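Thanks, everyone. Let me put the model up, and then I'll walk through it piece by piece.

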Amino acid sequence: MKKILFSFLKMNTAGTEKSLLEILRRLGDRYEIHLAVAIPGGTGEKIFPENVQIHHIKGFSRNVALIMEPKKEIPRRLLTLRWRSGIPAAYHYLRSVMNGSLAEYAAWLLREDRAGGRNANPALDGEFDLSVDFTGPPGEYLEYYATNHIKAKRYASFIHFDLDWVPLRQKTSEMVYDKCDGVFCVSELALDQFRERFPKYAHKGHVLHNFTDNKLIIEKAQESNSGYAPVEGALNIVSVGRLTYHKGVEYALYALKALADDGVDAHWHFVGGVVEYGSGKNPYLLLAEQLGVADRAHFTSAEVKNPYPYILGADVYVQLSRSEGYGIAMAEACILGTPIVATNAGAAQSLLDRPNGILLPALKKTTRPEDVAPSIAAAIRRAATLPRQAPSLTPLTPLTELQPFLDLL
């Protein structure tokens, strides 16, 4: 039985994790599957198939602070006289930054994970038939781990993000793609960007859209204990995803104000927690208060286990992302037949080729929320008049798209 190792940062239950889960389901028990996780404790680890062997990369999991915030953690260690770890960390990190790649720093963090080291894992020391960096850019540490630390016959990497919006170190990317036998992009846009950015490796690129479990999505959308409470008689708008800069939440809040100014009783339900601002007050709630729409903007807790009743129950599903790799929540809205308004990011152009989908222009880095709010509000009002479609069991991604990946085995 052939062995495949997937490397991943942290297993939560967002779009990228769902994408991996659906690929594993399609691989079934035909292969020996291993999953190496850099940061343990994610809620998604509990939902993976039983045949998947999950391992924690100790060199990373024991040094999370040195990975996530090296510019803060290294001085802190030096100031607290932790010289044995602080001085080497500073040395290898600074050398890596000066050399234009964090590969050397990653190798230092993983020094005890190699065969014979105190963190060595026998299950990861042997040779795999395929090693896959599933996180992809900008996950520089895992890019190094999957293609240089792990011994394998063949290597692959995924791209889940819009390369125009994520920071890349060209030197690391070229080192990774030089070794990869296949680079799998989750949208045509991502593939075009990869080929433009790395023409030397253009022949290695393939499109592999995210898979979805339509039957499961439709079944879970019918559950009544999700916590979704639409406002009766109002226009209920739903957006699903981590509340981060790339999701364009401020555009939604300005559009909500534009709807209110037009006399529309609209309520916007944001499903997904704020993940990038620590323990302070939700910055988007603060913005909603400043705009006078705090009573119309409803934010859920960090992670809703079942977002599908929200999507199914919405009058309009809206995704105003600055960037997307694919846009799996938008795909789920397509499956459930909800009218959709979305910016042209990720796979939106192909997903919204439907009677009740409205595609908005892509957001530029200079686009101001107050300038586009009226047009977004107008699109939402128009979408609310479009017919809801019946939930669909037809796969959005054909199984044939997986073949180039299987060919690596």
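Start with H160. This is a predicted model, and in it H160 is buried, with a relative accessible area of 6%. The cut-off for buried is under 20%, so H160 qualifies. Where is H160 in the chain? H160 sits in the loop between β5 and α9, the helix at 170–179.

What does H160 touch? Leaving out residues up to four places away in sequence, the contacts of H160 are T16, S19, F134, T135, V186, E324, G325 and Y326. F134 deserves a second look. Its backbone oxygen lies 2.8 Å from a polar atom of the H160 side chain.

Now the sheets. Take the one with seven strands. It is open, and the order is β3-β2-β1-β4-β5-β6-β7. The pairing is parallel. Which strands stand at the edges? Those are β3, residues 52–56, and β7, residues 205–207. Each of them pairs on one side only. From one strand to the next, the twist averages 25 degrees.

Zoom in on one pair. β1 covers residues 3–8 and β2 covers residues 32–37, and six bridges join them in the parallel sense. Within that pair, L5 stands opposite H34 of β2. Helix α1, residues 15–27, packs on this sheet. It touches β1, β2, β3 and β5. The direction of α1 makes about 170 degrees with that of β1.

Next, the sheet with six strands. Also open, it runs in the order β10-β9-β8-β11-β12-β13, with parallel pairing. β10, at 297–299, and β13, at 357–360, are the edge strands. Each has a single partner strand, so one side of each is left without a neighbour in the sheet. The twist here averages 20 degrees from one strand to the next.

Again, one pair up close. β12, residues 340–343, runs parallel to β13, and four bridges join the two. The bridge partner of A342 is L359, in β13. Which helix packs on this sheet, touching β8, β9, β11, β12 and β13? That is α17, residues 369–383. Its direction makes about 170 degrees with that of β13.

On to helix α11, residues 214–221. Buried residues in α11 are N214, I217, I218 and A221. Why do they end up on the same side of α11? Because they cover an arc of only 95 degrees around the axis. What covers them? The cover includes α14, at 308–313, and α15, at 328–336.

Last topic: the nonpolar cores. In soluble globular proteins, nonpolar side chains tend to be buried together. The largest nonpolar core in this model has 42 residues. F60, Y145 and F194 have the most contacts inside it. Elements giving two or more residues to this core include α3, α5, α8, β5, β6 and α10. Which helix gives the most? α6 does, with five residues.

Take F60 in detail. Its contacts, not counting residues up to four places away in sequence, are A38, I67, A106, L109, L110, Y141, L142 and Y145. Y145 is thus on both lists: it touches F60, and it is among the residues with the most contacts inside the core.

There is a second, separate core of 35 residues. Y251, L253, Y284 and A297 are among its members.

That's the tour. Happy to rotate the model for anyone.

Methods:
Residues are numbered from 1 along each chain as its sequence is written. This is a predicted model: local features need pLDDT of at least 70, side-chain atom pairs count only at pLDDT 80 or more; totals for chains, interfaces and linings use all residues. Side-chain values use heavy atoms; hydrogens and water are left out. Two strands pair if DSSP finds at least two bridges between them. Axes are lines fitted to C-alpha atoms, for helices over the stretch in contact, and angles run from 0 to 180 degrees between N-to-C directions. Contact means heavy atoms within 4.5 Å. Buried means under 20% relative accessible area, exposed over 50%, partly exposed in between (1.4 Å probe, protein chains only). A polar contact is a pair of N or O atoms within 3.5 Å; within protein, one must be able to donate a hydrogen and the other to accept it, and residues adjacent in sequence count only if both atoms are side-chain atoms. The arc is that of the directions from the helix axis to the C-beta atoms. A nonpolar core is a set of buried Ala, Val, Leu, Ile, Met, Phe, Trp, Tyr and Cys residues joined through side-chain atoms within 4.5 Å.
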